Amino acid sequence: MRNRFSDRLIVVAVALFAVVWLIPVVWVLVMSFKPDEVLMRSTAGFLPVPFTIENYARVMTVAKVPNWLMHSVIVSFLMTFIVLVISSMAGYAFARLDFPFKRPLFVLVVAGLMVPEQAIFIPLHTMFADWGMHNTHTALITPRLAVPIGVFLMTQFFRSIPRELEEAARLDHASHATIFLRIMLPLSVPALTTLGLFTFIHGWNDYLWPLVSATSKDMYTVTVGLASIQGNFGQSEGLGTLMASAVFASAPIMLLFVIFQRFIVAGVAMSAGK
Amino acid sequence: MQITRKTALAASVALTTLTAAMPAAATDITLYRFFGDCEGEFGGVTDLNEAYGECGIITVLTNKFNAENEIGANVITQTVDWGAYYDLLSATYSTGDMPDVAVMHASQLVNFTDRNLMTPLGNKLMEAGVDVDDWADAARNNVTNNGEIYALPFDIHAILFHVNVGLMKEAGFVNEDGSVRLPSSPEELILMGKEFEEKTGQNYIAIESQSSEGMAVRMFDAFVWQQGGDVLSADGKEATIDSPEGLNAATLIKQMYDEGLTDSGLDYGGAEQAFIGGRAGILVNGTWGVNNYATQAENGAELQEYTALDFPTLYEQPATFSNSHSWTIPMDESRTPEEEEAAIAFLKFLDDNNFAWAMTGHLPVHTSVIESEEFAALPHRSDFAATPSMARGIPAVKNERGIYDAMISEFTAMWLAGTSPEDAVAGMQSGVERILRRNNR
Amino acid sequence: MTNRTPQRMRRDGRAALIFLAPFLIIYCVFLIFPLFKAVFISFHDWELAGGYREWIGFFNYEDLWYDDYFWKALGNTMRFAAMAVPSMTILALLLALGLHGHGRVRAVLRSVFFSSSVFSVTVVTLVWQMVLSPDRGLIAPIFRSMGMEPINFLGSVEWAMPSLVIATLWWGVGLPMALFLAALGQIPDELYEAAELDHASRWSTLRYITLPGIRHTVLLVLVLQIVGQFQIFGQAQLMTKGGPANTTLTLVQYIYNTGFRDWQVGYATTIALALFVVMAGFSMLQLWLGRKGDDQ
């Protein structure tokens, strides 16, 4: 109980810091409610005066932003889902199965962590060009699936689970599939949450690859789309519309995180309960 | 009722013949461009009188073409990230969805024509009725490579002095006839700049000074040309930046910053805001701003009296930095004749509306438009009437963007990192040589 | 490992094949193969568009060795990583420690620090350019109120890189913070209760319970950060374009410019492979240090 006070103090300090943190976000919000012409004159000020919702009206009516949002959501979710499946499967194999060449194979996979995306970016581009598969969801998703960190993370996590938990099932001659699905996966919610979050954000903020792969505007993701509506020299004209689009495109993910938080808390509760 | 195979077949045959018989069946073509996206504001507009600014005018022109053309062509615009435009356009040659029409700075064209990546357009445009002989020589030369025309020039855009006349009056730089007095020598530039600041308390000049856009490099180029020099040899094979002319120009610009004539902290948007906000006498920027700044002045910005003037001649001969927006048809073997016809028709339409584009502030390419009364009637145009004859670009060279970027980073170091003019020109020279060496190999 | 018999190896082998196959196939096709193809490309003068390619052996590598820009970019990249990695890790850890636990206020604050991660790079860089501007930025008035000349952050040789680091922190702290939060949740409450019974100080609780408990996550975050920050691109490209005087030119930016601006794909790939070697070196050092820590 004696920590109550200092706990509060910390929260207050962090809250103050959060206010500073939020200033740029507030600025974006304010600008999104100002007319473009006014912003060209001056971007200063934290009051949305003169106030307009025209920017948002444009974003909604032209319906490009919802389209980008759809692509980003499809790509990020599918990517996350597949990464979770294949990484946890591979992680289980490395953590719990004995097979030939296990160690070298694991080292090979972890070594992949050091391969910068940019090192294989150009070859990937030529590969998809050869297959004629650019401008598809597949092209946006598949190159981001080979995430060694996922396998590494899941392997480490499965290794940390006490073997006793599976002993009973093993004595019942349960198959690996059963052990994996019924015992290991439910236990690994926190690790999956972590990996999922990581993959999702990574996919969501991906810029370079979608830029050069999704070259048709029907395939634009949010990052590429937002960049495309900027005028020459990156600013001045259309700043309000750009900000409104940015807010509109980021809002669903924000909301998602607010909901997602419960899962992190759930993961916490579960591990505390065992 | 059961649909037999035969009836289905007959129906489909009928359908095919029907579509084939209708010349007005929509032929979609894609248009790649920068200039931003203003679909929200001008989405359904086809009346040119309502349009303003580069983005607005090109959007309305596209809408108008789609609404009015009689061959069933439908242009689908794809706006592309300004900073990554050429990267993305080059990437389409791998992804296989080259656009049917793409905007291009004339200085970039040689990258594509040298590798046979652009459709030659000379004969096709002439057959469509484009009067290429009416194009100003500079504009036609810009889009010609080895005697073949590869693009439709749309404008010449050049660097101007945008002027706050109110502040100039305060500084006493306005003659009795109302014309603004600009410096005519390097020494005078510095003297007038200091005097301006004493009298008005504001900066004489606002110019983008960060390392992103390189407005000051354009100024540098112009000053070198004004002395009769150039930054590259005429064949584009050698850098000639480290020269007495180059050093003079660099010294002058460095002095401009050292003497406090301009604020070295301005980025592109900052320079515009300083000017529109009445905090600078002159904005060094291109023709594309004229329409915008005039509109701002009318709508109650601190900038009340606006005009645009020719880039001043400080040395022997007039010259200002220029480039040209042009329209190309990227080479694509899978393009159907109908699509190509539609693309050519669109180019012809844009050519016919050269005047509309000039409303942005850009200079038209058709001599008939330049000499027309309606062009002369546009505000401020007579004040920068000499610009077309002063407009110059660097010699055609592959990898112009790399050269330009190398110059920017070394040049801006003068005021951002405190290097000397001697080091700056030497640095630009070696940076550019590096790129040229790769070009020549 | 008592039941590690050849028999079990065989039985597990089949299962392992099934469990590993999906990942390994993707891994080979989209990582291993492209990597080898990159090596292949690096021996060519290979242009982005137009199909020009010519075998030039080790020329690109020779060129790289004498390329001042490459060494400069490498130095800048390391400088950036040296600043960004520790500051990001520490900030994320501090935030996680402060915001770990229940309560509505904490939940809201967690969302705040996470919120900036969902903006696209276009918007993040644009806003930070404006925030840092000495002319109309948000920091400039503070300087003026103290009677000082505002610093031209992005245009200053000393400040441009730290400015990129700050923008990066703002954009990216959400994820490592979430990782730390998840890890902190894994530490059993009993340990804290025991510490409280022992009247352990806040500091010693942190030192002896919390930090050892999240050691693996710290390592994970560090590795992720090193891998991520070595590949910094968007911030440098959009905020400073590598300037002033090339002080923020980073390797990936140089790769991108060489490949997509100058169309020298062969050379760009060579630089990328050099980046791979550097990153591999660092990651190995990291893992080795981590393992050494584990053994103790």
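I take two residues to be in contact if their C-beta atoms, placed from the backbone, lie within 7 Å. The model is predicted, and I kept that in mind for every entry below.

**Entry: helix α13 of chain B**

I began with α13(B), which runs over residues 290-298, and asked how many of its nine residues are buried. Seven of the nine are, so I noted the helix as largely enclosed by the rest of the structure. The buried residues are B:Val290, B:Asn291, B:Asn292, B:Tyr293, B:Ala294, B:Gln296 and B:Ala297. I then looked up what covers them, and found that the cover includes α3 (53-68), β7 (157-164), α12 and β10 (306-309) of chain B, together with α2 (36-41) of chain A. After α13(B) comes B:Gly300, and I recorded for this glycine a positive phi, near 85 degrees.

**Entry: chain B as a whole**

I counted 20 helices and 13 strands in chain B. The C-alpha trace of chain B spans about 90 × 55 × 40 Å along its principal axes. Its radius of gyration is 24 Å, and because a compact globule with 441 residues would have a value near 22 Å, I wrote down that the two agree. Buried residues make up 56% of the 441 residues of the chain. Turning to contacts in chain B with a separation of 6 or more, I found that 76% of them are accounted for by residues 24 or more positions apart.

**Entry: B:Ser334**

Is B:Ser334 buried or exposed? I found B:Ser334 in the loop between β12 (325-328) and α14 (337-352) of chain B. B:Ser334 has 8 other C-beta atoms within 10 Å, and because a residue counts as exposed at 12 or fewer, I noted B:Ser334 as exposed. I also checked its separation from B:Gly278: the two are 56 residues apart in sequence, and 53 Å apart in space from C-alpha to C-alpha.

**Entry: where chain B touches chain C**

Here I found 29 residues of chain B in contact with 27 residues of chain C. On the chain B side, α4 (85-95), α12 (268-276), α19 (400-416) and α20 (421-440) each supply at least two residues. Which helix gives the most to this side of chain B? It is α19(B), with six residues. By class, I noted 15 polar, eight nonpolar and six charged residues on the side of chain B that touches chain C.

**Entry: where chain A touches chain C**

I next looked up the contact between chains A and C, in which 78 residues of chain A meet 81 residues of chain C. The helices of chain A that each supply at least two residues to this side are α1 (4-32), α4 (64-96), α6 (117-131), α8 (148-160), α11 (189-205), α13 (222-228) and α14 (239-273). The largest share, 13 residues, comes from α1(A). The side of chain A that touches chain C divides into 56 nonpolar, 20 polar and two charged residues.

**Entry: chain C and the neighbours of its helix α8**

For chain C I recorded 14 helices and two strands, with a C-alpha trace that spans about 80 × 70 × 30 Å along the principal axes. Of its 296 residues, 51% count as buried. Residues 24 or more positions apart account for 69% of the contacts in chain C with a separation of 6 or more.

I then followed α8(C), residues 174-186, whose axis comes within 10 Å of that of α11(C), residues 215-229, and crosses it at roughly 165 degrees. The two helices are therefore roughly antiparallel to each other, and their crossing is right-handed. In this contact C:Pro176, C:Leu179, C:Phe180 and C:Ala183 of α8(C) meet C:Thr217, C:Leu220, C:Val221 and C:Gln225 of α11(C). By class, I listed six nonpolar, two polar and no charged residues there.

The axis of α3(C), residues 68-99, comes within 8 Å of that of α8(C), and the two cross at roughly 45 degrees. That makes α3(C) oblique to α8(C), and I noted this crossing as right-handed. From α3(C) the contact has C:Met88, C:Thr89, C:Ala92, C:Leu93, C:Leu95, C:Ala96 and C:Leu99, which meet C:Pro176, C:Met177, C:Phe180, C:Leu181 and C:Leu184 of α8(C). I listed eleven nonpolar residues, one polar and no charged ones for the contact of α3(C) with α8(C).

Key
Residues numbered from 1 in each chain as written. Chains lettered and ligands numbered in written order. Predicted model: local features only at pLDDT ≥ 70, side-chain atom pairs only at ≥ 80, totals over all residues. Helix = DSSP H or I, 4+ residues; strand = E, 2+ residues; numbered from the N terminus. Nonpolar A, V, L, I, M, F, W, Y, C, P; charged D, E, K, R; others polar. Axes fitted to C-alpha atoms, helices over the stretch in contact; angles between N-to-C directions. Parallel < 35°, antiparallel > 145°, perpendicular 65-115°, else oblique. Left-handed = near helix turned anticlockwise from the far one by under 90°. Rg over C-alpha atoms; globule rule 2.2 N^0.38 Å. Buried ≥ 20, exposed ≤ 12 C-beta atoms within 10 Å, placed from the backbone.
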